[in-house]
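Some notes on this model follow, as numbered points. They take up the pairing of the chains, the surfaces beside the DNA, one helix packing and one backbone feature.

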2 protein chains.
Amino acid sequence: MVHNRLPVLRAERGLSRKALADAVGVNYQTIGYLERGDFNPSLELALKLAGFFDLPVEMIFSLTPFRPLSEAIRAEQE
Amino acid sequence: MVHNRLPVLRAERGLSRKALADAVGVNYQTIGYLERGDFNPSLELALKLAGFFDLPVEMIFSLTPFRPLSEAIRAEQE
DNA sequence: ACGAATTGTTATATATATACAACATTTCGT
DNA sequence: ACGAAATGTTGTATATATATAACAATTCGT
């Protein structure tokens with residue numbers, strides 16, 4: 001199972017699913033499936049999403065659960 | 001289409017396809033398909049491969065063609 | 001409070017990734 | 001030079017990702 005930070009990243013930029021879907025060239029419902037964890041993106045889609053958010057793939061998708069970004073930031077400040 | 005550096009990385013470590021396949025938990029022929037570009041790995045497999053090689057996904061898989069590692073190293077030395 | 005946009009969900013169809021088997025060809029150790 | 005391991009390739013079967021449609025529920029702008 002692959003965990004993802006799509007909902008947070010999308011929310012942070014105030015994007016609708018449709019807007020994100022258009023940006024990476026997939027159907028808007030595909031984004032919904034991904035956010036709900038119904039399935040994982042293909043590698044190609046993952047790379048496009050990483051490109052769009054300008055983040056490494058690993059910061060968006062992970063084999064182990066993500067810490068909430070808020071926590072991660074606090075931890076980093078020690 | 002996704003480009004990949006699997007053949008180089010595997011060769012560099014003197015691994016057989018079977019050894020790599022076992023390490024990431026897939027059939028050895030799946031590695032063959034990937035190296036030949038017959039299809040792309042799932043995101044899950046890509047993350048496992050990145051973990052195995054201890055490299056970011058983007059250094060193994062890319063939407064744009066890779067420069068040969070040898071060239072990339074020379075370019076970096078300028 | 002209204003309508004419009006967004007989201008959640010279900011269903012169907014197609015494309016793609018993976019497993020597995022079988023076999024020919026190539027490479028490698030001794 | 002021999003056998004063993006590794007590779008390339010083809011075919012079949014199954015699981016998963018994506019597109020699309022349809023609709024109910026929710027959120028948002030005005």
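1. The model is predicted. One loop residue is worth a look at the outset: with 6 C-beta neighbours inside 10 Å, Asp54(A) counts as exposed. The cut-off for that label is 12 or fewer such neighbours. Asp54(A) sits in the loop that runs between α4 (43–53) and α5 (57–60) of chain A. Its phi is positive, about 55°, although Asp54(A) is not a glycine.

2. The counterpart in the other chain should be checked alongside. Asp54(B) lies in the loop between α4 and α5 of chain B, and its phi is near 55°, again a positive value in a residue other than glycine. Asp54(B) is exposed, with 7 other C-beta atoms within 10 Å.

3. On the relation of the two chains: a turn of 180° with a shift of 0.0 Å along the axis lays chain B on chain A, and the RMSD is 0.0 Å. That is the relation of a two-fold axis. Within chain B, the C-alpha nearest this axis belongs to Leu43(B), at 2.3 Å from it.

4. On the interface between the chains: 13 residues of chain B are in contact with 13 residues of chain A. On the side of chain B that touches chain A, α4 (43–53) and α5 (57–60) of chain B each supply at least two residues. The largest share comes from α4(B), which gives 4 residues. By class, this side of chain B divides into 9 nonpolar, 2 polar and 2 charged residues.

5. Which surface does each copy use? Of the interface residues of chain B, 100% are also interface residues in chain A, so the copies meet through the same surface.

6. On DNA strand C: 18 residues surround this strand, and the closest are Val26(B), Asn27(B), Phe39(B), Asn40(B) and Ser42(B). Helices of both chains take part, since α2 (17–24) and α3 (28–36) of chain A and α3 (28–36) of chain B each supply at least two residues of the surface near DNA strand C. The most is given by α3(A), with 4 residues. The surface near DNA strand C has 5 nonpolar, 9 polar and 4 charged residues.

7. On DNA strand D: 18 residues lie around this strand, and those that come nearest are Val26(A), Gln29(A), Phe39(A), Asn40(A) and Ser42(A). For the surface near DNA strand D, at least two residues each are supplied by α3 of chain A and by α2 (17–24) and α3 of chain B. Here the largest share, 4 residues, comes from α3(B). By class, the surface near DNA strand D has 5 nonpolar, 9 polar and 4 charged residues.

8. On helix packing in chain A: α2(A) and α3(A) pack at an angle of about 110°, and their axes are 8 Å apart. That angle makes α2(A) roughly perpendicular to α3(A), a label that covers 65 to 115 degrees. From α2(A), the residues Arg17(A), Lys18(A), Leu20(A) and Ala21(A) meet Tyr28(A), Thr30(A), Ile31(A) and Gly32(A) of α3(A). This contact has 4 nonpolar, 2 polar and 2 charged residues.

9. One point to read across the items above: α3(A), which packs against α2(A), is also the helix that gives the most to the surface near DNA strand C.

Definitions and conventions. Residues numbered from 1 in each chain as written. Chains lettered and ligands numbered in written order. Predicted model: local features only at pLDDT ≥ 70, side-chain atom pairs only at ≥ 80, totals over all residues. Near = placed C-beta within 6 Å. Nonpolar A, V, L, I, M, F, W, Y, C, P; charged D, E, K, R; others polar. Contact = placed C-beta atoms within 7 Å. Least-squares fit on C-alpha atoms with pLDDT ≥ 70 in both. Buried ≥ 20, exposed ≤ 12 C-beta atoms within 10 Å, placed from the backbone. Axes fitted to C-alpha atoms, helices over the stretch in contact; angles between N-to-C directions. Parallel < 35°, antiparallel > 145°, perpendicular 65-115°, else oblique.
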